[in-house]
Protein chains: 2
Amino acid sequence: MRSRPLLHGMEVEICGWVSKIRDLGNLRFILVRDTKGILQVTLARKLVDAKLFDLTNELTIESTIKVKGVVKTNTLAKATGGVEIIPSFIEVVSIADTPLPLDTSGKIESCLDNSLNWRCISLRQQDSYNIFKIESALVQGFQEYLRDNEYQEVFTPCLIGAVSESGAETFEVKYFDRSAFLRQDPQLHRELTIAAGFEKIFEIGPSFRADPSHTPRHLCEFRSCAVETSWIGNELDTMHLESELIIHALKFVKNKCEKEIKELGVDICIPKTPFPELRFPEIYTILEERGKKIVRGEDYDRESEKILSQYVKEQYDTDFFFVNRFPAKAKPFYVMKVDNTQWARSVDLIYKGMEMSSGGQREHRYQQLIENLKERGMRTDTMEWFTKFFRFGVPPLGGFAIGIERLTMQLLNIENVREVTLFPRDTGRLFP
Amino acid sequence: MRSRPLLHGMEVEICGWVSKIRDLGNLRFILVRDTKGILQVTLARKLVDAKLFDLTNELTIESTIKVKGVVKTNTLAKATGGVEIIPSFIEVVSIADTPLPLDTSGKIESCLDNSLNWRCISLRQQDSYNIFKIESALVQGFQEYLRDNEYQEVFTPCLIGAVSESGAETFEVKYFDRSAFLRQDPQLHRELTIAAGFEKIFEIGPSFRADPSHTPRHLCEFRSCAVETSWIGNELDTMHLESELIIHALKFVKNKCEKEIKELGVDICIPKTPFPELRFPEIYTILEERGKKIVRGEDYDRESEKILSQYVKEQYDTDFFFVNRFPAKAKPFYVMKVDNTQWARSVDLIYKGMEMSSGGQREHRYQQLIENLKERGMRTDTMEWFTKFFRFGVPPLGGFAIGIERLTMQLLNIENVREVTLFPRDTGRLFP
C-alpha cells in the first residue's frame with residue numbers, strides 16, 4: 001500500500017474504488033479512493049500507452065482498480081493532496097454495474113432505510129469510515145486502560161439456559177430439543193466469573209434485546225464493554241473506575257483519531273473527574289422543581305434523564321453524570337440494596353442526555369439474594385443455578401456495562417444508533 | 001491489593017479465599033488464596049488479640065476473608081513464599097457452606113461433568129486460573145499484531161436473516177414474528193465489510209454451531225479471531241499473514257505468562273515460518289502411502305488430519321501446517337476455485353493434529369459467485385442479500401478464523417475443550 005507523504009517522483013501502487021471520472025477526450029482524470037483518502041490518476045493520451053488509456057474506457061464509478069505509477073506534483077489537484085499519479089500499469093479488477101443503487105459522493109442524501117439496504121455501498125463514504133475508525137479506537141482505549149490496570153479479558157456465554165429478568169425482552173433459541181435464550185447482558189456470568197476467583201475482569205461482546213421499540217437509540221443486537229471487579233467498598237468504587245475508564249478511552253480516541261475527528265467536524269471534550277452524582281430520592285425534588293412529578297419510590301423515565309442532564313449542564317457544565325440509588329423494586333434481584341432502605345446501589349451513567357451504562361454493587365450475600373428474589377415474587381428454584389454459588393464464598397463485587405454504539409453515537413453527535421453499527425439489527429431488519 | 005515481593009516488616013492487606021486451615025489449639029494457620037497465589041496468615045493466641053483469634057473460629061474452607069497485617073519472614077512457610085502475615089485486622093466477608101460440593105485442593109479428581117456443574121468452585125484451582133490467563137494473553141497477542149499492522153477491529157452481527165450453508169448446524173432464533181439464525185462464522189459479514197471499503201479487518205467474537213456431536217473438541221458456542229484482508233494476490237497471502245499472526249501471539253504469551261506456563265508444566269515452542277503447506281490432490285498420495293485410501297476428488301476426514309500431522313512432524317519437525325486446495329465441492333459457495341479445476345483456494349491450519357482455522361481466498365467476481373451457487377444446487381435468490389453487493393466493485397479478498405479455545409487447548413496440551421472455556425455450551429449443557 002502507499003505511504004504518506006507522496007513525494008514527486010515516487011513510485012506508488014494504489015488499490016481502491018473509482019470515485020469519479022472526468023473525461024476530456026484526450027485527457028482523463030480518475031479519482032481513486034481507499035481508506036487513506038482519494039488520489040487523482042491522470043491519463044493523457046499523448047503521455048501514456050494507448051492500451052492503458054483504452055483499459056479505462058469502460059470504467060464506471062465504484063469499480064475496483066489497481067494502479068502503479070509515478071507521483072507528480074500538481075498544484076491544481078488540491079482536493080487530492082496536490083499530487084497526481086501518472087500511471088504505468090492499470091488493472092481493472094471489477095467493473096461496477098450502473099446505475100448505482102445509491103449515490104456515493106455524499107452529495108445526494110439517501111433515506112436511512114435505503115442506505116441500510118445497500119449498506120456496503122453507503123459505508124463507502126469517508127464519514128462512515130471515520131465513524132468506525134473512532135469506534136474501534138474507543139474499544140482499544142477501553143482495553144488499554146483495563147489491561148494496564150490488571151483487568152483480565154474473559155468470554156462468557158451468549159447462550160443461557162434461563163432468563164433472569166422478566167423474559168419479555170429475551171430472544172428464544174431452539175437448542176436441540178429444548179429452549180435457550182440470548183443474554184440481555186453478560187451480568188450474571190460476569191458475577192460468576194468473580195465468584196470463580198477472578199479478581200478483575202472485562203468482556204467486550206454482544207448482547208441481545210428483543211425490544212419491540214423502533215427508536216433511534218435501540219438495537220436488538222449491540223456491543224458492550226462490561227467490567228466487573230471484586231473487593232469493592234461500595235458502588236462508589238465502580239463509579240470511580242468507570243469515570244477513569246471513560247476518560248482514558250476518550251483521550252485515546254482524541255489522540256489516535258485526530259484526522260477522523262476533524263473530518264467529522266466534532267469536538268471531543270475530555271470531562272473532569274469525579275463526574276457529578278445525583279441520587280434518589282433527591283432526584284424527585286430536582287425533577288419536581290423543573291415541573292416533572294414522579295411518585296416517590298417509583299422509577300423515572302427518559303424525559304427525566306433529559307431534564308437531569310440539563311440540570312447537570314447548568315450546575316456543573318459537564319455532559320457526563322451518574323444517577324445512583326434507584327428505587328430497588330425497579331431493579332433486578334442481583335442488585336444490592338442500601339441495607340434497610342428501599343434504595344439500590346444501582347448506578348446509571350448518563351452522557352448528553354442518554355443512558356450509557358447500568359451497573360453498581362451486586363448482592364454477594366446468599367441470604368439477601370434469596371430475599372431479593374422473594375420480594376420480587378420470583379421462584380428461587382429457577383435461579384438456583386446462579387444463586388447456589390453464593391453459598392461458597394463470594395467477595396463484595398460490582399461493575400457496569402457500557403454500550404459501545406451508544407457511546408460512539410453521543411460522542412460524535414450522531415442522531416441514529418444504526419449509523420454507528422456496521423450491520424444493524426432492529427425489529428424490522430435482519431439484512432444485510 | 002498486595003505488591004510483590006513481600007518484605008519483612010511490610011504492612012499488607014490481602015483479600016481472598018481460605019484454602020486451608022491448620023488448627024493447633026493456640027496456634028492457627030490460615031492459608032489465603034488470591035489470583036497472585038497463596039499466603040499464610042499466622043494467629044498465635046499469645047501474640048494476637050483474642051477477639052481476632054476468635055473471629056476465625058467459625059471459618060471454613062472457601063470462605064472469603066480480608067486480612068491486614070505485617071509480613072514476617074518464616075523459612076518454614078516455603079510453599080507460601082517464605083513469609084507469613086501476622087494479622088492486626090480480620091474481616092470474615094462470607095462463610096462458605098460445608099461440605100463443599102467439590103474438593104478445591106486439586107488433590108481429589110472430580111469428573112468433568114461435576115466440575116462443570118460446580119464451575120465457579122472448580123475454577124478456583126490455580127491451574128484453571130493459569131489457563132484463562134494464557135487464553136486472554138493469546139487474544140491480546142492477536143490484537144497487538146493486527147493493530148500494529150493496521151487491521152481495524154469491527155463488530156458484525158451474530159443474528160443473521162438467512163443461513164448460508166446447509167442450515168443443519170444452525171441455531172434458529174425466534175425473532176419477533178419471524179426466524180433469525182445465529183452465525184456459524186462471521187464469514188459473510190466480514191466479506192461485506194471489505195466490500196464496504198474497509199481494507200483490513202478483524203473481529204473477536206462468538207460463533208455458534210448446533211453440532212450434535214458430543215466430543216472433547218466441539219462446543220456449541222465458541223470464540224474466534226476472524227481476519228479478513230483485501231487486495232491479496234491469492235490464498236498464499238492469507239497463509240503468510242496467519243502464520244505471522246500465530247507466531248506473534250505465541251511469542252506474546254510466552255513472554256507475558258512465563259509463570260503460568262511454568263506452573264502448568266508445558267513447553268511452548270515458537271514454530272518456524274513458513275509453515276509447511278500440503279495440497280490436494282498430492283494429499284491423497286501421502287495418505288495412501290500411509291494406508292489411508294480416500295477417493296480422489298473427495299474431502300478427507302479427521303483421521304487424515306492426524307496422519308498428515310504425523311507425516312509433517314517426521315518430514316519438517318513442526319506441529320503447524322496448512323492444508324490447501326481442498327476439493328471445491330466440499331466447500332461453501334463463497335470460496336474461490338483455482339480457475340478451471342475442481343480445487344479450491346481453501347486453507348485449513350492444523351496444529352498438533354487438530355484443525356485450528358479455515359480460510360483462504362474468497363470469490364469476489366459476481367458471475368463466478370452465482371456459478372458457484374448454481375453448481376451446489378442452491379437458490380440464487382435466497383443469497384441475493386449477500387451477492388448483490390458483488391455487482392458494485394469488490395476487491396480480491398481472503399481471510400481465516402482461528403478458534404481461540406481450540407488453539408489454547410492444543411497449546412497447553414489439554415484434552416477437553418470444555419476445560420479452556422469458562423462456561424461451556426454443548427449438546428447437553430446450558431448451565432451454569
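Here is a walk through how chains A and B of this predicted model fit together, ending with a sheet inside chain B.

Let's start with symmetry. In general, two copies of a chain are related by a rotation about an axis and a shift along it. Here, a turn of 180 degrees with a shift of 0.0 Å along the axis lays chain B on chain A, with an RMSD of 0.0 Å. That is what a two-fold axis does. If you want to find the axis from chain B, go to V173(B): its C-alpha is the nearest one in that chain, 2.2 Å away from the axis.

V173(B) also turns up in the pairing of strands across the two chains. Strand β8 (residues 172-175) of chain A runs antiparallel to strand β8 (residues 172-175) of chain B, and three bridges join them. Within this pair, V173(A) sits opposite V173(B).

Now zoom out to the whole interface. Chain A and chain B each put 97 residues into the contact. Together they bury about 8300 Å², and carbon and sulfur atoms account for 66% of that. On the chain B side, the residues that lose the most area to chain A are F155(B), W231(B) and F392(B), which together make up 10% of what that side buries. Which surface does each copy use? The copies meet through the same surface, because 100% of the interface residues of chain B are interface residues in chain A as well.

What about the polar side of things? Between the chains there are 41 residue pairs in polar contact, counting pairs with both residues at pLDDT 80 or more. Helix α4 (residues 126-148) of chain B gives the largest share of the side that touches chain A, with eight residues. By type, that side of chain B divides into 53 nonpolar, 25 charged and 19 polar residues. As for salt bridges, the count between the two chains is four. Take R223(B) and E203(A), which form a salt bridge whose closest N and O atoms are 3.6 Å apart.

Finally, look inside chain B. There you'll find an open sheet of eight strands with mixed pairing, in the order β6-β10-β11-β16-β15-β14-β13-β12. The edges belong to β6 (152-153) and β12 (277-279) of chain B; each has a single partner strand, so one side of each has no neighbour in the sheet. At the β12 edge, three bridges join β12(B) to strand β13 (residues 320-324) of chain B, and the two run parallel. One of the residues to look at is E277(B), whose bridge partner in β13(B) is F322(B).

How values were computed:
Residues are numbered from 1 along each chain as its sequence is written. Chains are lettered from A and ligands numbered from 1 in the order in which they are written. This is a predicted model: local features need pLDDT of at least 70, side-chain atom pairs count only at pLDDT 80 or more; totals for chains, interfaces and linings use all residues. Side-chain values use heavy atoms; hydrogens and water are left out. Contact means heavy atoms within 4.5 Å. Buried area is the accessible area (1.4 Å probe) that two parts lose on being put together, summed over both. A salt bridge is a side-chain nitrogen of Lys or Arg within 4 Å of a carboxyl oxygen of Asp or Glu. A polar contact is a pair of N or O atoms within 3.5 Å; within protein, one must be able to donate a hydrogen and the other to accept it, and residues adjacent in sequence count only if both atoms are side-chain atoms. Helices (H or I, at least four residues) and strands (E, at least two) are DSSP runs, numbered from the N terminus. Ala, Val, Leu, Ile, Met, Phe, Trp, Tyr, Cys and Pro count as nonpolar, Asp, Glu, Lys and Arg as charged, and the others, Gly among them, as polar. Two strands pair if DSSP finds at least two bridges between them. Copies are superposed by least squares on the C-alpha atoms of residues with pLDDT of at least 70 in both.
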